[in-house]
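User: I've got a structure here that I'd like to talk through with you. Can you take my questions one at a time?

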Amino acid sequence: MNLNHLYYFRALAKEEHYTRTADMLSITQPSLSHAISCLESELGVKLFEKQGRNAKLTKYGALFLRYVEQSLDMLDEGRRVLTETSGISGGFIDMGYIFTLGSHFIPNLIKSYLEEKGENHIRFSFGQGTTKKIVEELKDGKYDLAFSSYVEGEDELEFIPVGQEELVLITPKGHPLAEKEEIDLIDTVEYDYVYFTRNSGLRPVIDSYFSKIKRQPAIAYEGEEDSSVAGLVAAGFGIAIVPKIPLLDTMDVCIRPIISPEIERYIYLVLKKDKYLTPVVKDFISFITKQSEFA
């Protein structure tokens with residue numbers, strides 16, 4: 001069944017006049033008549049009957065019109081959604097990111113992007129988790145892009161550095177290390193640590209710095225994300241190395257910079273290689289890389 005013929009049928013059913021309908025559709029009247037004849041032949045019933053110069057629906061035509069309108073409305077809606085989602089006019093972006101980026105990095109990035117684009121009907125869907133979780137969900141197709149720590153051995157993914165986070169030591173109030181203005185990591189190994197779990201992308205980063213000083217931290221407790229780790233520190237369960245995020249200023253902890261060894265934590269834009277990306281996602285990626293500290 002020809003889709004154009006269905007659109008012609010719906011238009012004629014509303015206009016009830018061959019000449020006016022043909023003009024409205026920008027086709028010839030014989031083409032319109034041929035389309036209706038093809039439909040009637042395929043269905044085996046008359047859809048219209050002539051009343052002078054007008055074309056009135058038969059009872060079969062009226063019944064068929066109900067289903068044609070429902071079907072074409074659904075197709076039109078599907079086309080609208082697809083157009084919007086694909087970024088032809090606006091777009092929809094699915095994004096995943098690690099917990100530490102949710103309070104400042106992501107909101108500021110989205111705000112800057114939308115300010116540049118103006119009212120362009122761009123919508124975002126967000127997911128949070130550990131690096132391991134976010135990376136797996138990106139590979140499974142849940143996200144168009146993600147922000148996380150670097151992960152070794154992920155050959156189907158591309159990791160693009162786009163920023164840095166300062167890592168600091170936090171301690172409970174009144175802790176001996178809170179008396180220091182700056183921290184040498186070697187001075188912390190005698191104290192209990194609240195550490196990130198193995199699912200966290202921060203775990204290997206922090207491990208690497210203890211490897212540099214050839215010592216191991218005394219891990220008393222583990223947490224999956226920064227707020228839970230900081231909460232345990234505030235409650236007196238140990239000290240921790242965490243990203244310096246605004247949340248820390250609201251918690252009952254002391255924040256100290258680490259001067260030795262020099263600690264750097266990179267944030268990566270993560271993309272799945274060979275994945276189809278809509279125009280709006282490509283545009284957003286271009287914006288991110290231009291805004292990057294490493295551009």
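User: Are F9 and F64 buried or exposed?

Analyst: Keep in mind that this is a predicted model. Buried means under 20% relative accessible area. On that score F9 and F64 come out alike: both are buried.

User: Which parts does the pair of F9 and F64 tie together, and how many residues apart are they in sequence?

Analyst: The two rings form a tilted aromatic pair, 5.3 Å centre to centre with 50° between the planes. F9 sits in helix α1 (residues 3-15) and F64 in helix α4 (residues 59-86). The pair therefore links α1 with α4, parts whose separation in sequence is 55 residues.

User: What kind of aromatic pair do Y193 and F210 form?

Analyst: Y193 is in strand β9 (residues 192-196) and F210 in helix α7 (residues 202-212), so this pair ties together parts 17 residues apart in sequence. Y193 counts as buried at 0% relative accessibility, and F210 does too at 1%. Their ring centres are 5.5 Å apart with 85° between the planes. Planes over 60 degrees apart count as edge-to-face, and that is the name for the pair of Y193 and F210: edge-to-face.

User: Why do the buried residues of α3 lie on the same side?

Analyst: In α3, the buried residues are L32, A35, I36, L39 and E40. An α-helix has 3.6 residues a turn, so residues three or four places apart point the same way. P30, H34 and S41 are exposed on the other side of α3. The buried ones share a side because the arc they cover around the axis is only 135°.

User: What do those buried residues of α3 pack against?

Analyst: Helix α3 covers residues 29-43, and G44, with a positive phi near 80°, follows. The partners of its buried residues are two helices and a strand: α1, α2 (18-25) and β1 (48-51).

User: What is the order of the four strands in the open sheet?

Analyst: Start at the edges: β8 (183-184) and β11 (240-243) each pair on one side only. Between β7 (residues 167-172) and β12 (residues 253-260) there are five bridges in the antiparallel sense, and P172 has V253 as its bridge partner in β12. The pairing in the sheet is mixed, and the order reads β8-β12-β7-β11.

User: Which helix packs on that sheet?

Analyst: The helix in question touches β7, β11 and β12. Its direction makes about 35° with that of β7. That's α8, residues 226-234.

Note on methods. Residues numbered from 1 in each chain as written. Predicted model: local features only at pLDDT ≥ 70, side-chain atom pairs only at ≥ 80, totals over all residues. Heavy atoms only, no water. Pairing = 2+ DSSP bridges. Contact = heavy atoms within 4.5 Å. Axes fitted to C-alpha atoms, helices over the stretch in contact; angles between N-to-C directions. Phe/Tyr/Trp six-rings, centres within 6.5 Å; stacked < 30°, edge-to-face > 60°. Buried < 20%, exposed > 50% of the residue type's maximum accessible area, 1.4 Å probe, protein only. Expected span 1.5 Å × (residues − 1). Arc of directions from axis to C-beta.
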